[in-house]
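Keep the model open beside the text. The paragraphs below lead from one helix to the next and then to the aromatic rings.

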Amino acid sequence: MPRPISATIHLDALENNLAVVRSKVGNSKIWAVVKANAYGHGLSCVWQYLDQADGFALLDFNEAILLREQGWQGPILLLEGFFKPEDLSIIAEYRLITVVHSHWQLKAIEMANLSKPIDIYLKLNSGMNRLGFPADQYRTVLSSAKCLRQIGQITLMSHFANADNKEIGVTEQLNVINSVSQGLDISQSLANSAASLWYPQTHRDWVRPGIVLYGASPSGKWQDIADIGLKAVMSLQSEIIAIQNLKAGDKIGYGSQYTAPGPMRVGTVACGYADGYPRRAMTGTPIIVDGARTQVLGTVSMDMLSVDLTPCPQAQIGSPVELWGQNLPVDDVAGIPGTIGYELLCALADRVPVSLCR
């Protein structure tokens, strides 16, 4: 028998979540962000269930080529742009759109011998200070780009640092963007997942939802998206493989990080950090055993973790366990070890079997 841990990808949830985003962004076109192997969900398996998007946005050239070879003929956007001048031949061959965020990239395009112009997303650094041209240089750079015969359509792109934080929001960066773009006849793509949900003034021509397509919250708090109809796409499940009956003072796991306060039943689950579960998860991290919400106890091991069976006295060896999924939001799990749902989804290990479900 195989080890009982597995992940399920709920394909109908992908279609549902894209429809939810579509209802939020009106006439704006949608880039479905599928970077990092579709946030750990398996790009080759899931992209067809997001094909009602207007385009796909990603980082990796191999993933872009995969989409082309599997039949996607629509737009593909390289979110980090290209990394070497020789990459431009691949961009032209596979009809990719590239972000341009640095002067060397413009120079490389100018020097390239391309059979036809390529479309670019010219990135404005509106305050995140990660990629992009400073606001006081942007119009000059744009003018230079417009003069290059190797460049076709140009779209203004920027990215919000705090759209997921409603106390800070997008106002400061949006003021920069509006100032720079005033009077320019140019398409714009600004909104990430959070802005797509909560700031309609940022939607412009194209939005770029990522994490919400997979049913997790851009803020890291499930409550922030609980009422808009998103569904978890990935479920991670396993089983109880052993039960220990402890007495007061007994300790659990590496480092003896948990001490039983009294008599209790503790289950051992076939799941650990080598499966992608966070090692930093500690006592109190939520988990569902046999339909009842309970908690992780002690230290997560490479292949196993311990759970409190007090809320589920009926649980036995073989009882089902949901680590995260449609009954337990991944954001709730991520919050205890101080991370975000993005990280858990992307970290699913190759050794975990994955099945597709509609």
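What follows is a walk through selected parts of a predicted model.

Start at helix H4, which spans residues 61-69. Which of its residues are buried? They are Phe61, Glu63, Ala64, Ile65, Leu67 and Arg68. In an α-helix there are 3.6 residues a turn, so residues three or four places apart point the same way. Several elements help cover the buried residues of H4. Among them are helix H2 (35-39), helix H3 (43-46) and helix H5 (87-93). Strand S3 (55-58) and strand S4 (76-78) also take part in this cover.

Now look at the two ends of H4. Aspartate 60 caps the N-terminal end. One of its side-chain oxygens lies 2.7 Å from the backbone nitrogen of asparagine 62. Beyond the helix comes glycine 71. The phi of glycine 71 is positive, near 115°.

Move on to helix H7, residues 135-146. Alanine 135 belongs to this helix. Is alanine 135 buried, exposed or partly exposed? Its relative accessible area is 32%, so alanine 135 is partly exposed; the buried class ends at 20% and the exposed class starts over 50%. Set aside neighbours within four places in sequence, and alanine 135 is in contact with Leu124, Asn125, Val176 and Val180. Proline 320 lies far along the chain from alanine 135, at 185 residues in sequence. In space, the two C-alpha atoms are 54 Å apart.

Val176 and Val180 lead into helix H8. This helix covers residues 171-181. The axes of H7 and H8 come within 10 Å and cross at roughly 35°. The crossing is right-handed. From H7, the residues that meet H8 are Ala135, Tyr138 and Arg139. Their counterparts in H8 are Val176, Ser179, Val180 and Ser181.

Stay in H8 for glutamine 173. Its relative accessibility is 8%, so glutamine 173 counts as buried. What does its side chain reach? The partner is the backbone oxygen of histidine 159, at 2.8 Å. Not counting residues up to four places away in sequence, glutamine 173 also touches Ser126, Gly127 and Met128, among others. Further contacts of glutamine 173 include Phe160, Ala161 and Asn162.

Turn last to the aromatic rings. A pair of rings is described by the distance of the centres and the angle of the planes. The model has 9 aromatic pairs. One of them joins tryptophan 31 and tyrosine 121. Their ring centres are 5.9 Å apart and their planes stand at 75°, so this pair is edge-to-face. Tryptophan 31 sits in strand S2 (residues 29-33) and tyrosine 121 in strand S6 (residues 118-125), so the pair ties together parts that are 90 residues apart in sequence. Both residues are buried.

A second pair is formed by tyrosine 39 and tyrosine 342. Here the centres are 6.3 Å apart and the planes are at 35°, so the pair is tilted. Tyrosine 39 is in helix H2, and tyrosine 342 is in helix H11 (residues 341-346). They are 303 residues apart, and the pair links distant parts of the chain. Tyrosine 39 counts as buried at 6% relative accessibility, whereas tyrosine 342 is partly exposed at 24%.

Two more ring features close the tour. Trp31 and Tyr121 form one aromatic cluster with Trp206. Elsewhere, the charged end of lysine 166 sits over the ring of tryptophan 198, 4.5 Å from its centre.

Conventions
Residues are numbered from 1 along each chain as its sequence is written. This is a predicted model: local features need pLDDT of at least 70, side-chain atom pairs count only at pLDDT 80 or more; totals for chains, interfaces and linings use all residues. Side-chain values use heavy atoms; hydrogens and water are left out. Buried means under 20% relative accessible area, exposed over 50%, partly exposed in between (1.4 Å probe, protein chains only). Helices (H or I, at least four residues) and strands (E, at least two) are DSSP runs, numbered from the N terminus. Contact means heavy atoms within 4.5 Å. A polar contact is a pair of N or O atoms within 3.5 Å; within protein, one must be able to donate a hydrogen and the other to accept it, and residues adjacent in sequence count only if both atoms are side-chain atoms. Rings of Phe, Tyr and Trp (its six-membered ring) pair if their centres lie within 6.5 Å; planes under 30 degrees apart count as stacked, over 60 as edge-to-face and the rest as tilted. A charge sits over a ring if NZ of Lys or CZ of Arg is within 6 Å of the ring centre and within 35 degrees of the ring normal. Axes are lines fitted to C-alpha atoms, for helices over the stretch in contact, and angles run from 0 to 180 degrees between N-to-C directions. A crossing is left-handed if the near helix is turned anticlockwise from the far one by less than a right angle, and right-handed if clockwise.
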